[in-house]
Amino acid sequence: MTLNAAVTPREVHRTAGGSAVEAATDRAGGVLLYPLLFAPILQYRLWGGRRLAELLSTPPDVDGPIGEAWLLSDRPDHQSRVVAGALAGLTLGELLEEYPEQMLGRLAGRFRRFPVLLKFLDAHELLSVQVHPSDEQADHLPAGETGKTEAWVVLEAGPESRIYAGLRPGTTPGDLRAALATGAIAGQLVGFTPKPGDGLFLPAGTVHSLGGDLVVLEVQENSDVTFRLHDWDRVDPATGLQRALQIDEALTCIDFDQGVLAPVRPLLEADAPARRERLFDCEQFCLWRIQGELPFTVGAAGLPRVLVCIAGSGEVEHGGASHPIGFGDVMLLPAMVGECTVRPRGPLSVVEVALPEVPATTVADGPPGSAALLGVTAPEGMRRT
Ligand SMILES: [Zn+2]
């Protein structure tokens with residue numbers, strides 16, 4: 001990767017962590033950011049498989065089940081690192097601290113950390129049956145954490161694949177406790193067989209699980225707060241123990257009034273030069289899927305955007321330079337980059353993620369994302385009751 005040759009001079013910037021990087025600057029000495037590619041962080045999970053090892057361009061050199069690849073993470077314990085260009089080696093957190101305006105544009109100063117977390121999940125087996133608190137349930141949130149609304153885009157699915165999302169209508173806390181006591185919890189859950197391309201929106205408070213050789217892209221609030229209701233009586237081979245459950249906390253976070261959830265119906269925004277569909281639009285994130293073979297535009301002036309390549313390959317052009325992107329790659333377009341052209345090499349499919357304009361801690365009351373989602377993209381019969 002080369003930066004625009006007209007950019008001068010170069011100078012050394014020292015980050016808060018003490019590492020020195022050589023970054024391109026403009027004539028006024030401001031750092032010039034560029035489309036930033038990050039390395040995935042692979043995570044052991046007992047329910048995981050080996051599919052991500054086959055799919056990612058940098059396969060891991062470890063054995064065992066890999067359930068999650070964190071594509072873009074600004075967590076204290078898991079920091080995504082830039083892999084290419086003058087800023088290679090810097091973490092997302094360091095970039096935000098060092099270059100807040102260049103990274104976030106008019107969103108600078110609004111977030112303590114990058115507000116969304118992006119992952120691939122390879123659910124060979126079923127995940128635990130779990131629920132996440134909402135931004136408003138402060139009693140259940142450790143200091144500095146937000147709630148966790150999340151959404152999935154299905155990349156690979158087979159006949160054994162299963163998604164559970166929500167409770168059967170009319171289920172009470174007592175019904176759920178009784179089902180947990182007998183292990184018959186699946187009978188209380190709404191489940192379906194997903195297919196590649198399905199998008200599922202999971203507001204905080206939704207009981208959920210997925211598995212059966214299912215690979216999804218997950219976008220979620222940057223939170224690690226999960227309450228497990230049930231873990232299929234599994235013993236984790238890594239510890240010889242069953243994983244802890246948090247049934248009481250889970251029960252207080254569940255939205256028992258939620259209706260049946262189903263895959264969203266994408267909103268078609270454009271069909272040329274590429275097909276652009278909006279899948280999710282909520283207070284925590286917005287996500288489009290863009291598919292095509294002709295050059296198309298991504299990014300937004302003065303705002304950061306994140307691209308994830310979910311099929312094919314191509315180039316992202318910016319400032320006279322060309323940045324290759326292939327399956328599984330995540331590329332952050334800093335706010336100062338703005339719009340860029342994506343040039344596909346054959347059929348290409350990417351998702352583009354926009355950040356919330358309002359921090360989660362000040363999100364107004366109301367079901368996260370429901371108004372925008374149900375008003376725009378919900379299929380007939382999907383409305384909550
Ligand atoms: Zn979850």
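This tour moves through a predicted model, from the whole chain to a sheet, a strand, a core and finally a loop.

**The whole chain.** Begin with the entire protein chain selected and coloured by secondary structure, which comes to six helices and 24 strands. Of the 385 residues in the chain, 48% are buried. If contacts are drawn between residues at least 6 apart in sequence, 74% of them join residues at least 24 apart.

**The seven-stranded sheet.** Next, select the strands E3, E22, E19, E24, E17, E16 and E15, which in that order form an open sheet with antiparallel pairing. At its edges stand strand E3 (36-38) and strand E15 (267-270); each has a single partner strand, so one side of each is left without a neighbour in the sheet. Looking along the sheet, one finds a twist that averages 30° from one strand to the next.

**Strand E19.** Now narrow the selection to residues 305-311, which make up strand E19; six of its seven residues are buried, so the strand is largely enclosed by the rest of the structure. Add residues 330-333, strand E22, which runs antiparallel to E19 and is joined to it by four bridges. Within this pairing, Arg305 stands opposite Leu333, while Val308 has Val330 as its bridge partner. Then add residues 348-354, strand E24, which pairs with E19 over six bridges, again in the antiparallel sense; here Leu307 has Glu352 as its bridge partner.

**The largest nonpolar core.** Keep Val308 selected and add Leu118, Val216, Leu217 and Leu287, since these five are the residues with the most contacts inside the largest nonpolar core, a set of 102 residues. Strand E6, residues 116-123, gives the most to this core, with six residues. Colouring by domain shows that the core draws at least three residues from each of domain 1 (38-82 + 109-253) and domain 2 (267-361). In soluble globular proteins, nonpolar side chains tend to be buried together.

Which residues does Leu118 touch, leaving aside those up to four places away in sequence? Selecting them brings up Leu71, Leu72, Val219, Val306, Val308, Val330 and Val353. Among them are Val308 and Val330, the pair already met as bridge partners between E19 and E22.

**The loop at Gly319.** Finish at Gly319, which lies in the loop between strand E20 (313-318) and strand E21 (321-326). Is this residue buried or partly exposed? Gly319 has 19 C-beta neighbours inside 10 Å, and because a buried residue needs 20 or more, it counts as partly exposed. For a last distance, select Cys340 as well: the two residues are 21 apart in sequence, and their C-alpha atoms are 8.8 Å apart in space.

Key:
Residues numbered from 1 in each chain as written. Predicted model: local features only at pLDDT ≥ 70, side-chain atom pairs only at ≥ 80, totals over all residues. Helix = DSSP H or I, 4+ residues; strand = E, 2+ residues; numbered from the N terminus. Buried ≥ 20, exposed ≤ 12 C-beta atoms within 10 Å, placed from the backbone. Core = buried A, V, L, I, M, F, W, Y, C linked by C-beta atoms within 7 Å. Domains from an automatic or database assignment. Contact = placed C-beta atoms within 7 Å. Pairing = 2+ DSSP bridges. Axes fitted to C-alpha atoms, helices over the stretch in contact; angles between N-to-C directions.
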